[in-house]
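Open your viewer, keep the selection panel handy, and follow along stop by stop. Have both the sequence and the coordinates loaded before we set off.

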Amino acid sequence: MKTDQPQPFMADEQDLASLGISLSRDVEATVTGMIEKMRKTRKTLELYMETCTHCGACISQCHAYLGTQDVNNTPVGRAELMRKVYKKYFTSAGKAFPWLFGAQKVSPEVLQEWYRYYYQCNECRRCAVFCPNGIDTAEITIAAREILTSLGQVPKFIAGVAKNLESYGNNMGINPLALKDMVDFLEEELREETGQNIRIPLDEEGAEVLYNPSSSDLFTNTDNLMGVAKIFHKVGVSWTLSHKVIETANFGLFFHEPIMRAHAERVFAAARELKVKKVVAGECGHGWRTWRMFAQTLVEDRFMPIRHIIEEVDGWVADGVIKLDPTRNPDPVTYHDPCNLARAAGIIEEPRRILRQAVVDFREMEPNGNKNFCCGAGSGLLMDETLKIRMKLGKVKAQQVAATGALILCAPCAICKAQLPVVMKHYGLDVTVVGLMDLVGKAIIL
Amino acid sequence: MTLLRYWLQVIVSISVIVFIFGIIWKIARWTALGQVLPVTMFPAPKNRVQALVRVIWESLSFRPMWSAGREAWLAAWGFHLVLALLLLGHLVGISQEGRQFMAWGLSVAASEEMSARMGMALGAALTLWVLYLTLRRLVIPSLRQVSNWEDYAVLVLLLGITVSGDIMRLKGGVDLGEVRMFVAELFKLRVVPVPDNLWFKVHLTLISLLLIWFPLGKLLHSCGIFFTRWLINRPSPREVMSK
């Protein structure tokens, strides 16, 4: 069954030119040239193209397939879209017997399928957990999107976010004046709530920590940033935000590696300028993957540690530096492992240790940890025009949450926090979605 | 004329060369290619020894498939187990000419008899397993949709090999001494006559085809699995970021 939902609106040439992306016109030469180039530095690509046996172990493990029942949304089916082309141009067998090995020349129709289905993959990597060969379809999606970018096929939404990132250092396009206003407002809120002078420092040179939140923490998830402010206040760590980079997310991962590199460099440049000793990343899944796994490669002069706020808080709770009162979070809470935070970057036990201290009734959803299902918006698939498909991709997550009977869904990732409230509402679940630092912020004894 | 007379020897020789050099070339290429950005999956092994142990365990046990579903695991793991036992049986049986069980105190005749019976049983088991793999590929709708002709061709080829082997045994078998001589001479690059047994010739021809197929298609997963599993199990120590 083919999905009939609309595809993401495509960015125009001007959008892409403003991001410094030059477009190629020769489809065949671009596709083959880029595959040839990429497989030299990503052996996974060649291995994944050549070693899949079509055993089908991944099929029922993919939330995209479970939600849409579209075979091109199975990991193997999605990978096959590129594998057919790879076989045609890069294998002797595919060149000699294309019909036998399922090889296919690239064409505008093929690219249309690529655009449709590689932008229905959440790059959640769950398939790799169950594939006997360890094939990680997210790698194939990343490669395919990079090729599509060279051919000018990028969702307008993702290109827009990347442009905001380049212009303002954050996804939402918050300018420095709006940022200052918001920080003042949140400080006032904190004073009203706690009666204490809890600060949210901005551009303070010489602070120990540069805190890099998700930009949504300043507008839609403000309890999260206020929670973080309370924590730093209680622990006595000097910290600061930088107006040059209020974004731990890195949409470059989703379509264009140079943009991912540029953002990684932007954070370290801000950290250097403010003379901080370390960077602490806020609640974002894929952003954490880029810091934890890629920054060392992407940024040559990375000179300081990057920690995740969850790691820091876990340590402080364990050491007794922070005391939490779980009765302030009396409702049943379940935890959603953001794919990139857990499977792709190893933060699995830390949030659970914190939650057991911060809430009265913590309930695991099944499956969880590295086998957890994606929220359905991973890899930046938050476009309004594809809302129908987003809800299908979020179907399994809704079923998981419903089974726990929880009233609070804790999801420490900005993309999950944007997607899950819509999913909960769509499937009729009266569940509030919060970040982990929201709950810690409520429970912390100041 | 000589070529026509020795056509099977020629095919076998070519297939062995394609197989060996094809595999070596692929492994060398995969080794040489880089992987700039790590794709480690978590929870990850803490060091390279742990990673190596996990790669070997996962590759031999198909543990990820076990988590995906017991039926799929049994279909895949059982097939590979029977295949491995059969290959081992061929290796030992041919090299010892069926007398390997003499080490257990059996007479020559009894050892040969047992060798033949075990070969027959494993051959039949593999035939059934290949049939099952084919059937599930045809019956499960999503699996059928993601299958291509190569998937079926490999199964048909395997079926041809197992069935021809089974028939050969049912018809009295082949002289293992002759087979041993043939194989030994083949690796010395000498042309010798193939044992004069029609079903053995069919069996050998199909095996040659499989050997040629091996480095060209999906059967490469047997080598690739160690690379792919290593890549997602490669240790990624946290202290790298905390220096």
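Start by colouring the two chains separately and selecting the interface: 68 residues of chain A are in contact with 51 residues of chain B, where contact means heavy atoms within 4.5 Å. Between them the chains bury about 4900 Å², 59% of it on carbon and sulfur atoms; buried area is the accessible area (1.4 Å probe) that two parts lose on being put together, summed over both. On the chain A side, show Lys43(A), His54(A) and Arg292(A), which lose the most area to chain B and together make up 13% of what that side buries.

A word on what you are looking at: this is a predicted model, in which local features need pLDDT of at least 70, side-chain atom pairs count only at pLDDT 80 or more, and totals for chains, interfaces and linings use all residues. Residues are numbered from 1 along each chain as its sequence is written, chains are lettered from A and ligands numbered from 1 in the order in which they are written, and side-chain values use heavy atoms, with hydrogens and water left out.

Stay on His54(A) for a moment. Its phi is near 60°, a positive value in a residue other than glycine. You will find His54(A) in the loop between α3 (43–51) and α4 (63–68) of chain A. Helices (H or I, at least four residues) and strands (E, at least two) are DSSP runs, numbered from the N terminus.

**First sheet of the tour, chain A**

Select β1 to β4 of chain A. They form an open sheet with the order β2-β1-β3-β4 and parallel pairing; two strands pair if DSSP finds at least two bridges between them. The edge strands are β2 (239–240) and β4 (306–308) of chain A, each pairing on one side only. Zoom in on β1 (residues 209–212) of chain A, which two bridges join to β2(A). The bridge partner of Val209(A) in β2(A) is Trp239(A).

Now add the helices. Helix α13 (residues 222–235) of chain A lies across β1 and β2 of chain A, at about 165° to β1(A). Angles run from 0 to 180 degrees between N-to-C directions, and axes are lines fitted to C-alpha atoms, for helices over the stretch in contact. Helix α15 (residues 285–298) of chain A lies across β1, β3 (278–281) and β4 of chain A, running at about 145° to β4(A).

**Next sheet, chain A**

Move on to β5 to β8 of chain A: four strands in an open sheet, ordered β6-β5-β7-β8, with parallel pairing. Why do β6 and β8 of chain A each have one side without a neighbour in the sheet? Strands β6 (362–363) and β8 (432–434) of chain A stand at the edges with a single partner strand each, so one side of each is left free of a neighbour there.

Select β5 (residues 333–335) of chain A with β6(A); they pair over two bridges in the parallel sense. Thr334(A) stands opposite Arg363(A) in β6(A). Packed on this sheet is helix α18 (residues 349–358) of chain A, touching β5, β6 and β7 (408–410) of chain A, with its direction at about 175° to that of β5(A). Helix α21 (residues 414–426) of chain A lies across β7 and β8 of chain A, at about 170° to β8(A).

Before leaving chain A, pick the peptide bond from Glu366(A) to Pro367(A), which is cis, with omega near -10°. Pro367(A) is in the loop between β6 and α19 (387–393) of chain A.

**Over to chain B**

Hide chain A. Chain B has 12 helices and zero strands, and its C-alpha trace spans about 70 × 45 × 40 Å along its principal axes. Another cis peptide bond joins Phe42(B) to Pro43(B), with omega near 0°; Pro43(B) is in the loop between α2 (7–32) and α3 (48–61) of chain B.Select α5 (residues 70–95) and α6 of chain B, which pack at an angle of about 150° with their axes 9 Å apart. These two helices are therefore roughly antiparallel, the term for angles over 145 degrees (under 35 is roughly parallel, 65 to 115 roughly perpendicular and the rest oblique). Show side chains to see residues that meet here, including Phe79(B) in α5(B) and Trp129(B) in α6(B). By class, the contact has 15 nonpolar, five polar and two charged residues. Ala, Val, Leu, Ile, Met, Phe, Trp, Tyr, Cys and Pro count as nonpolar, Asp, Glu, Lys and Arg as charged, and the others, Gly among them, as polar.

For the last stop, keep α6 (residues 108–139) of chain B and add α8 (residues 149–170) of chain B: their axes come within 9 Å and cross at roughly 155°. That makes α6(B) roughly antiparallel to α8(B). The contact of α6(B) with α8(B) has 14 nonpolar, five polar and four charged residues.
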